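Open the model in your viewer and keep the sequence panel beside it. The tour goes from one selection to the next and says what to look for at each stop.

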Amino acid sequence: MADQKKNRALLIVNYDFYRSSNSLTARPGAVKEAGRLFKALSNCNYAVQLHYDLTAEEIQELYAKECDADHGDYFVSILSSHGEEGVIYDCKGQPVQLTQIFQALSPPRSHKLAGKPKIFFIQACRGEEIDPGVWLQTDSGEPQIDCFSHYLSIPEDTAVMFASSPGYAAFINQWESTFLKALLELLEGEDRQLELAQLMTRINHRVAFHFEAKGKYSGAKEMPCFVTNMVKEVYPFSSQRRLISGQ
């Protein structure tokens with residue numbers, strides 16, 4: 001019986017921005033949770049690459065290499081850095097367009113990933129607004145942030161989960177980030193068996209209802225969100241190697 005190819009995961013963590021020209025602060029909590037993410041994904045049958053403090057060129061090169069790699073059933077990538085709507089920052093503080101990353105793995109550029117689920121988790125701010133955690137009701141209103149252009153560029157068989165809603169900040173402290181902490185809690189427990197959309201919804205619930213900022217932003221909340229172009233149910237972290245539904 002031929003050996004099955006292993007799923008692949010790419011983790012990129014930018015935490016030390018000493019070369020940055022725009023005074024981005026260090027993110028020590030990102031380093032501390034990176035090792036835990038590496039272990040959790042390895043335990044979910046992924047061959048994991050973990051890279052720290054990369055330039056925009058180095059980030060693009062890594063995704064280009066994934067296009068030619070031999071992949072199992074799934075590809076997962078976690079990006080942890082400073083950011084704004086539609087971008088993350090490299091270790092020099094230069095913006096990297098998320099659309100370029102998503103499109104780098106699209107079928108026209110990567111035949112080896114065609115038809116295989118590609119899943120991204122983005123731990124980065126999407127603006128400077130702080131969510132006060134107040135329930136609001138509104139009848140109408142125009143969106144203040146143009147957040148749809150990069151949604152429309154997400155290729156087929158791709159799901160992206162963001163740490164926060166468009167225009168809002170994502171929290172991280174000296175130990176961990178709110179969003180990736182919730183992801184880790186699920187990957188390290190039985191919830192990893194869930195279908196992807198269910199797992200992401202459960203992350204939303206954990207962050208929305210179990211987190212509240214302390215200190216300077218006491219009482220502030222965070223609301224992750226995700227977008228998916230999947231047309232099948234997928235179980236990327238299940239230990240039972242479940243088949244993709246809908247085939």
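Select Asn45, which sits in the loop between α1 and β2 (46-52). The model is predicted. Asn45 has a phi near 75°, a positive value in a residue other than glycine. Asn45 counts as partly exposed because its relative accessible area is 34%, and partly exposed covers the range between under 20% and over 50%.

Now go to the loop between β2 and α2 (56-68) and select Asp53. Asp53 also has a positive phi, near 50°, and is not a glycine. Is Asp53 buried or exposed? Asp53 has a relative accessible area of 17%, so it is buried, the limit being under 20%.

**Asp90 and its loop**

From Asp53, move to Asp90: the C-alpha atoms of the two residues are 7.1 Å apart, and 37 residues separate them in sequence. Asp90 belongs to the loop between β5 and β6. With a relative accessibility of 2%, Asp90 counts as buried.

Show the side chain of Asp90 and look for backbone nitrogens. Which residues offer them? One is Gln94, whose backbone nitrogen is reached by the Asp90 side chain at 2.7 Å. Another is Ala56, with its backbone nitrogen 2.9 Å from a polar atom of the Asp90 side chain. Next, display the contacts of Asp90 beyond four places in sequence: they are Asn14, Phe17, Leu54, Thr55, Ala56, Ile59 and Val96.

The strands on either side of this loop are the next selection. Strand β5 (residues 87-89) pairs with β6 in the antiparallel sense, over three bridges. To see one pair, select Val87 and its bridge partner in β6, Gln97. Adding β4 gives an open sheet of three strands, ordered β4-β5-β6, with antiparallel pairing. Its edge strands, β4 (83-84) and β6 (95-97), each pair on one side only.

**Strand β3**

Select β3 (75-80). How many of its six residues are buried? Six are, and the strand is mostly covered. In a regular strand the side chains alternate between the two faces of the sheet. Colour Phe75, Ser77 and Leu79 for one side of β3, and Val76, Ile78 and Ser80 for the other; both faces are covered, and all of these residues are buried.

Then add the partners of β3. Strand β1 (residues 7-13) pairs with β3 in the parallel sense over six bridges, and Leu11 stands opposite Ile78 of β3. Strand β7 also runs parallel to β3 and is joined to it by six bridges. Here the pair to select is Ser77 and its bridge partner in β7, Phe120.

**Helix α5 and its neighbours**

Select α5 and colour it by burial. Eight of its 10 residues are buried, so the helix is largely enclosed by the rest of the structure. The buried residues are Thr178, Phe179, Leu180, Ala182, Leu183, Leu184, Leu186 and Leu187. What do they pack against? Their partners are α1, β3, β7 (118-123), β8 and α6 (196-210).

Add helix α1 (residues 28-43): its axis and that of α5 come within 10 Å and cross at roughly 30°. The two helices are therefore roughly parallel to each other, as angles under 35 degrees are counted that way. The crossing of α1 past α5 is left-handed. Show side chains to see where the helices meet: α1 contributes Glu33, Arg36, Leu37, Ala40 and Leu41, and α5 contributes Leu180, Lys181, Leu183, Leu184, Glu185 and Leu187.

Now step back to Ser177, in the loop between β8 (158-162) and α5 (178-187). Ser177 is buried, at a relative accessible area of 1%. A polar atom of its side chain lies 3.3 Å from the backbone nitrogen of Leu180. Leaving out residues up to four places away in sequence, Ser177 touches Glu33, Gln123, Phe171 and Ile172.

**The whole chain**

To finish, clear the selections and show everything. The protein has six helices and nine strands. Buried residues make up 51% of its 247 residues. Of the contacts with a separation of 6 or more, 77% are between residues 24 or more positions apart.

Conventions: Residues are numbered from 1 along each chain as its sequence is written. This is a predicted model: local features need pLDDT of at least 70, side-chain atom pairs count only at pLDDT 80 or more; totals for chains, interfaces and linings use all residues. Side-chain values use heavy atoms; hydrogens and water are left out. Two strands pair if DSSP finds at least two bridges between them. Helices (H or I, at least four residues) and strands (E, at least two) are DSSP runs, numbered from the N terminus. Buried means under 20% relative accessible area, exposed over 50%, partly exposed in between (1.4 Å probe, protein chains only). A polar contact is a pair of N or O atoms within 3.5 Å; within protein, one must be able to donate a hydrogen and the other to accept it, and residues adjacent in sequence count only if both atoms are side-chain atoms. Contact means heavy atoms within 4.5 Å. Axes are lines fitted to C-alpha atoms, for helices over the stretch in contact, and angles run from 0 to 180 degrees between N-to-C directions. Angles under 35 degrees count as roughly parallel, over 145 as roughly antiparallel, 65 to 115 as roughly perpendicular and the rest as oblique. A crossing is left-handed if the near helix is turned anticlockwise from the far one by less than a right angle, and right-handed if clockwise.
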